[in-house]
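Work through the following exercises with the model open beside you. Each task is followed by a solution that proceeds step by step.

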Amino acid sequence: AYAGKGGQYTQIDGILAYYEICLLVKQGALTEMYDDVAHETYAYGGSQFVSYDNKHAIVIKAEYALEKQLGGLMVWDISMDDFHGQCGIGRNPLLATMKAVLTGDNPDSPSFTPYPNPFEPTVAPGCEFTCPENGASYYSDPCSCRHFIDCRTALTIRKVCPGDLYWNNDKVYCDHQYNVKCSSSVEKPLTPPPAPEEAFGGAQPPEEGVHRVCYYTNWAQYRSGFAYYSPKQVDPFLCTHIIYSFLDLAENFTVKLHESNGASQIEELVNLKTKNSDLKIMIAVGGQTIPTARFSEMARTADNRRVFTNSVMDMLETYSLDGFDLDWQFPMAHDRENLNEVMREFRTAFGPAKLLSIAIRVFLNDLDNSYDLTTLSQYVDWFGLMTYDLVGYLNRVTGHHSQIGRASCRERV
């Protein structure tokens, strides 16, 4: 097994940005497919395979979060969306779709289009359809609940919804069959399944809203061409929280900026609040480059924890930040109680004035042994569940790295 070939712009084997994937699909170098069991998109070409979220997958996951009454969605990371609109479906299509679903908006704006799966079926007699003049929209198929008509161009193009989805003419996208009011004479949607566990469509956001937590990576500035990403490319209205990632944990357990222009990057992000006063800006300490042993040693004694907490507090005050996210990758079973103390001391220092969150691994062995979720929940405002990278090339099997359907890989998640 080996990692897939790195992208032209991200240049890291095993990783492709969405704008790289959708351009490869658009150019015919990759063929896009949809797994309706895992509820995940993937593409393949030659020896390459990539699993990823497109707009359709984002709808499924956002509806799932609402149905399960989760706190929202966490995005890693915003620099990998198609922020220039290179693929022809609008700027930041994934973030815009996430916002539309989580805020309860009807995603029928010009920037929101259904999952594009072109298919020209044989038209039965009496099922012909002609797009109306100036009918730049989508229409239901007169004889099929699973097809819809694309009238955005001068052509009348029939398309089919992926997997077992049906066309929802009210919401103007492909939806679960039990949410669809179908009036065709050929196909009718099935009745809702008796078990609500799999019925995660059509939920409404709670009155207080849900979080759209977005990580901003400080190394995206080193990508070339249109892939260059800085705070100037950030839309201040797509996310409710932006987490600047990452700050380093020094050997003396103080935190420090990793990039030479880190201070100006943070200041530019904080300045986005002049455009959206509800936006929250946070910092994250951690990531893959900091040895877990250093976190373990920091958490081991009260003196070390005090140095760490005070250093983070100083950083929050210096840059007028709203909170702190801990990205310890990853605590072991012997760190469990010390991690509780770290977060308890942060909450004591913060009081209610600052936000506190933690990113956690979601494999059952880690959840059972490394995290005391009941205790931690008393201190944090939310857990960021790292429901990605669940399958990678080191697993020596091909699979989806962030599937939401029933897991078919060897380890339950």
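**Exercise 1: A buried acid and its partner**

D322 is buried, since its relative accessible area is 14%, where buried means under 20% relative accessible area, exposed over 50% and partly exposed in between, with a 1.4 Å probe and protein chains only. The model is predicted, so that local features need pLDDT of at least 70 and side-chain atom pairs count only at pLDDT 80 or more, while totals for chains, interfaces and linings use all residues. Residues are numbered from 1 along each chain as its sequence is written, and side-chain values use heavy atoms, with hydrogens and water left out.

Task: determine which side chain D322 meets in a salt bridge, and where the two residues lie in the chain.

Solution. Begin with the criterion, which asks for a side-chain nitrogen of Lys or Arg within 4 Å of a carboxyl oxygen of Asp or Glu. The partner that satisfies it is K273, at 2.9 Å from N to O. Next, place the two residues: D322 sits in the loop between α6 (302-318) and β14 (323-327), and K273 in the loop between α4 (262-271) and β13 (280-286), so that the pair links distant parts of the chain, 49 residues apart. Helices here are DSSP runs of H or I with at least four residues, strands are runs of E with at least two, and both are numbered from the N terminus.

**Exercise 2: Two further salt bridges**

Task: for the salt bridges R336 to D372 and D366 to R361, state the N to O distance and decide whether each residue is buried or partly exposed.

Solution. For R336 and D372 the distance is 3.9 Å; R336 belongs to helix α7 (residues 336-350), whereas D372 is in the loop between α8 (364-369) and α9 (373-376), 36 residues apart. R336 is partly exposed at 24% relative accessible area, while D372 is buried at 14%. For D366 and R361 the distance is 4.0 Å, with D366 buried at 12% and R361 partly exposed at 31%. To complete the inventory, the count by this rule comes to 13 salt bridges, and R305, E341, R344 and E345 are linked in a network of them.

**Exercise 3: Two helix pairs**

Task: classify the crossing of α2 with α3 and that of α5 with α6.

Solution. Axes are lines fitted to C-alpha atoms, for helices over the stretch in contact, and angles run from 0 to 180 degrees between N-to-C directions. Angles under 35 degrees count as roughly parallel, over 145 as roughly antiparallel, 65 to 115 as roughly perpendicular and the rest as oblique. The axes of α2 (residues 55-67) and α3 (residues 93-102) come within 9 Å and cross at roughly 30°, which makes α2 roughly parallel to α3. Contact, meaning heavy atoms within 4.5 Å, is made by K55, I58, V59, A62, E63 and L66 of α2 with P93, L94, T97, M98, V101 and L102 of α3.

For α5 (residues 292-300) and α6, the axes come within 5 Å and cross at roughly 110°, and these helices are therefore roughly perpendicular to each other. Here E297, M298, A299 and R300 in α5 meet N304, R305 and F308 in α6.
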